[in-house]
Amino acid sequence: MGSGATVPAEAAHRRHGQILLMITAVGWGLNWAVLKFVLQDWPPLFARGVAGLFGALGLALVAWLRGEAFMVPRGARPRLAIAAAVNVFAWMGFTALSLNWLKVSEGALIAYSMPIWAMLIAWPLLGERPDRRSLLALVLGIVGIAVLMGGPDLAGDKLPGVLFAVAAAILFALGTITAREPISMGQTALTAWQVALGCLPMAILGLFLEQPRILALSAPGFGGLVYMAAGPMALCYLTWFGALRRLPGSVAATGMLLVPIVGTLAAAPLLGDRLGTRELVAMALTLSGVGLALRRSS
């Protein structure tokens, strides 16, 4: 009787994880289009760092209202620092830096090779050997993104951007696979710490290296900054870490293939980008891959 009650509970746990994964993918996908408004006024590293600090303040306020403690257990502090480095600084910072050399579409294509690295890392570290369905899901998703973005020219002056984007993909995949051991504190307070620790170096480096004109922020840029702080840097990190606690890391990583699709759909009304046959084919392929990956987790 006990085992029968456990099965529906586990299924609900996974469904909750899938919902959180979809929220993350939509929020981060919209961010690629919204980021273009902010980048017209501020450079990428500084913009993401400042947005993240505001997002962390918002998360801290929510955690305080919920009565969560902010003291990090002493033994967990190194893990928290590493998680902030790979999940926030490397992912948001390195992808932002890559935009100094790459177009947004090129940066997204390389960054979202992340599921490949997640699957490769999960095999030796966690023993999650990919089955045929997982491999097919991954192939469909990667081919879909390749069709969507086209073949970027990765030669010459673009090499630094390529290296930053590849490093972001590998490090975020590592964080995805190794994030299943929880730190014993409230999730909102923990996320606030990660976002703050990851974004403070971004903002400082951006201030000195990019020398932004802070007062140049326009109304559309300010709106984009508010969205980045509240959505991708606050809510979406909460939902992402929640999804990782409920789904296998490789499945969560494959679900992130939805992000460039959402970004492309958002770019049509927000930026006037054309949605043609290539985009529709790419969406069909990628959605098929994500569907297979999520069925594997259910």
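Which handedness, left or right, does the crossing of H8 and H9 have? The crossing is right-handed, and we will come back to it once the overall layout is clear. Keep in mind throughout that this is a predicted model.

Let us start with the whole chain. The protein has 12 helices and zero strands, so its elements, read from the N terminus, are α throughout. Of its 298 residues, 51% count as buried. The fold also brings together distant parts of the sequence: among contacts with a separation of 6 or more, 90% are between residues 24 or more positions apart. On the outside, the protein exposes about 13,600 Å², and carbon and sulfur atoms supply 69% of that area.

Now step inside. In soluble globular proteins, nonpolar side chains tend to be buried together. Here the largest nonpolar core has 56 residues, and the members that touch the most others are Trp 28, Trp 91, Tyr 237, Trp 240 and Met 256. Helix H9, residues 219-244, gives this core its largest share, with 11 residues. Trp 28 is a good place to pause. Leaving aside neighbours within four places in sequence, Trp 28 is in contact with Trp 91, Met 92, Phe 172, Pro 232, Cys 236, Tyr 237, Trp 240, Met 256 and Val 259. Another core, of eight residues, lies apart from the largest one and includes Ala 63, Val 72, Ala 189 and Leu 190.

Asn 31 is worth a look too. This residue sits in helix H1, which covers residues 2-39. Is Asn 31 buried or exposed? Its relative accessible area is 4%, below the 20% cut-off, so Asn 31 is buried. Not counting residues up to four places away in sequence, its contacts are Arg 48, Tyr 227, Met 228 and Pro 232.

Next, follow helix H8, residues 187-209, and see how it packs. Two packed helices are described by the angle between their axes and the distance between the axes. The axes of H3 (residues 77-98) and H8 come within 8 Å and cross at roughly 50°, which makes H3 oblique to H8. This crossing is right-handed. On the H3 side, the contact involves residues including Leu 80, Ala 84, Val 88 and Met 92, and on the H8 side residues including Leu 190, Trp 193, Leu 197 and Met 202.

H8 also packs with H9, and this is the pair from the opening. Their axes are 10 Å apart, at an angle of about 120°, and the two helices are therefore oblique to each other. Gln 187, Thr 188, Thr 191, Gln 194, Val 195 and Cys 199 of H8 meet Met 233, Tyr 237, Leu 238 and Phe 241 of H9. Among these, Tyr 237 has already appeared as one of the best-connected members of the largest core, touching the most other members along with Trp 28, Trp 91, Trp 240 and Met 256.

Leu 200 shows another side of H8. With a relative accessible area of 44%, Leu 200 is partly exposed. Its C-alpha atom is separated by 9.7 Å from that of Phe 46, although the two residues are 154 apart along the chain.

Finally, look at the loop between H8 and H9, where Gln 211 is found. Most residues other than glycine have a negative phi. Gln 211 is not a glycine, yet has a positive phi of about 50°. Gln 211 is exposed, with a relative accessible area of 62%.

Note on methods. Residues are numbered from 1 along each chain as its sequence is written. This is a predicted model: local features need pLDDT of at least 70, side-chain atom pairs count only at pLDDT 80 or more; totals for chains, interfaces and linings use all residues. Side-chain values use heavy atoms; hydrogens and water are left out. Helices (H or I, at least four residues) and strands (E, at least two) are DSSP runs, numbered from the N terminus. Buried means under 20% relative accessible area, exposed over 50%, partly exposed in between (1.4 Å probe, protein chains only). Contact means heavy atoms within 4.5 Å. Accessible areas come from the Shrake-Rupley method with a 1.4 Å probe; for residues, only the protein chains shown count as cover. A nonpolar core is a set of buried Ala, Val, Leu, Ile, Met, Phe, Trp, Tyr and Cys residues joined through side-chain atoms within 4.5 Å. Axes are lines fitted to C-alpha atoms, for helices over the stretch in contact, and angles run from 0 to 180 degrees between N-to-C directions. Angles under 35 degrees count as roughly parallel, over 145 as roughly antiparallel, 65 to 115 as roughly perpendicular and the rest as oblique. A crossing is left-handed if the near helix is turned anticlockwise from the far one by less than a right angle, and right-handed if clockwise.
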